[in-house]
Amino acid sequence: MSWRRWINRAEEPVEMDALDPAMKQALGDFKTSVRAWSEAAYHRSRTAESVVVRRSWRLAAGWSLAVALLAGTVSGGLYEHHRAQVAAQVAAQREAEQERALAAQQAQEAAQQEDDVLASVDMDVSREVPSAMEPLAQLGDEGESQ
Amino acid sequence: MAACTTLEPMTIARADERAAEFERVVAIHRPQIFRFLLASTRDIDLAETLTQECFLKAHRNWASFRGESTAMTWLMRIAINLQKDHWRNRRMQFWRQTRTNAVDLDEASDWLPSGETSQEQRLLARERVSQVWHAVEGLSERQRTVFLLRFVEELELTQIAETTGLSEGTVKAHLSRALARVRGELGGKR
């Protein structure tokens, strides 16, 4: 069946005169249509200038957008960098203050401790009089009174 | 030295003559080459570009054109080769540019034969033209070229064979298959 169809296709007459009226009409219309279209297109006014202008506007708009995006990205990055720097400075300052406060507290505590030790030593020295030396001290006192 | 001085004006005169001859060829055949390329591509800008390229190439090789074939056949051969190169390059660069400016088949069918008078006749003519365009769209590149050269440019089979570099028998076979497709399209839509 397909073989027969292929033969039939291959045997299609190729001369215009040998074609049936419907085919002739269709092919004639097609030829006239293509020729009319081609004629109109061939003599159409050229729009090269407007195309160039439009393209240049598009180009300018594209460049502006690209520059704006680039500027936004760069300024965003710079701002972020600056913010990070400030935050780091504040954190460092706070840490330094904390360290200073801790050191002061430690120094105060050490001084207090030292004072306490000295005070206890003083108290111990003033209270504890050796009993073995007590009579000698009394004799000294009596001699002085005579 | 004396020979040079006598030959020079002759050479210049011959070159002028050749240039004038080329100008005449351009004036006569440019619309036909454009029409063939437009029908092949359905893209006005592309057809214009390829027509320009065709005549540029012809101008470069005009000195080597010996007139063994007609100027029309020679130019048409250049146009067909340029068109082939274009599609080959396009296939190779499909990732670069996928958009095409080719007009829609229905839009191409809007150009109607001017002889139709009544509204009904115009509608029928439009339908027929549209069906032929659809058939042409389904043809292979070679079949389409042969079909357009025969039924739009009205070249003889021998001229088509010369233009395409095919044998006359092969041209007939391509035409026959193209016509069978057109017949199928016309019959299928009835």
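**Exercise 1. Work out the secondary structure of chain B: how many helices and strands does it have, and in what order do the elements run?**

Start with the tally for this predicted model: chain B has eight helices and zero strands. Next, walk along from the N terminus, and the order reads α-α-α-α-α-α-α-α. Then look at how the chain packs. Of its 190 residues, 33% are buried. Finally, take the contacts in chain B between residues at least 6 apart in sequence: 63% of these join residues at least 24 apart.

**Exercise 2. Decide which parts of chain A deserve your trust, going by pLDDT.**

Begin with the whole chain. Mean pLDDT for chain A is 81, with 77% of its residues at 70 or more. Now split that by element: α2(A) has the highest mean, 90, while α1(A) has the lowest, 45. The weak spot is residues 1-10 of chain A, where pLDDT is below 50, and this stretch has five contacts in the model beyond near neighbours in sequence. Where pLDDT is low, the predicted coordinates should not be read in detail.

**Exercise 3. Find out which side of α2(A) is buried, and what sits on the face turned away from it.**

First, check the helix itself. α2(A) has 22 residues and spans 31 Å from first C-alpha to last, close to the expected 32 Å at 1.5 Å a residue. Second, pick out its buried residues: Ala26(A), Leu27(A), Asp29(A), Phe30(A), Ser33(A), Val34(A), Trp37(A) and Ser38(A). Third, see where they point. They cover an arc of only 160° around the axis, so they lie on the same side of α2(A). Last, turn to the face away from that buried side: here you meet the exposed residues Pro21(A) and Ala40(A).

**Exercise 4. Describe the side of chain A that touches chain B: which elements supply it, and what kinds of residue does it hold?**

Count the contacts across the interface: 22 residues of chain A meet 29 residues of chain B. On the chain A side, α1 (2-10) and α2 (21-42) each supply at least two residues. The largest share comes from α2(A), with 17 residues. Sorted by type, that side of chain A holds 12 nonpolar, four polar and six charged residues.

**Exercise 5. Trace the largest nonpolar core: which elements build it, and which one gives the most?**

The core has 45 residues, and those with the most contacts inside it include Ile33(B), Cys54(B) and Leu75(B). Now list the elements giving two or more residues: α2 of chain A, plus α1 (2-41), α2 (44-60), α3 (71-92), α5 (119-137), α6 (141-151) and α8 (168-188) of chain B. The top contributor is α3(B), with seven residues. To zoom in, take Leu75(B): neighbours within four places in sequence aside, its contacts are His29(B), Ile33(B), Cys54(B) and Ala58(B).

**Exercise 6. Arg42(B) and Glu154(B) both have a positive phi. Where is each one, and is it buried or exposed?**

A reminder to begin with: most residues other than glycine have a negative phi.

- Arg42(B) has a phi of about 55° and lies in the loop between α1 and α2 of chain B. Its 22 C-beta neighbours inside 10 Å make it buried, because the cut-off is 20 or more.
- Glu154(B) has a phi near 55° and lies in the loop between α6 and α7 (157-164) of chain B. With 10 C-beta neighbours inside 10 Å, Glu154(B) is exposed, because that class takes in 12 or fewer.

Key:
Residues numbered from 1 in each chain as written. Chains lettered and ligands numbered in written order. Predicted model: local features only at pLDDT ≥ 70, side-chain atom pairs only at ≥ 80, totals over all residues. Contact = placed C-beta atoms within 7 Å. Helix = DSSP H or I, 4+ residues; strand = E, 2+ residues; numbered from the N terminus. Nonpolar A, V, L, I, M, F, W, Y, C, P; charged D, E, K, R; others polar. pLDDT = per-residue confidence, 0-100. Expected span 1.5 Å × (residues − 1). Arc of directions from axis to C-beta. Core = buried A, V, L, I, M, F, W, Y, C linked by C-beta atoms within 7 Å.
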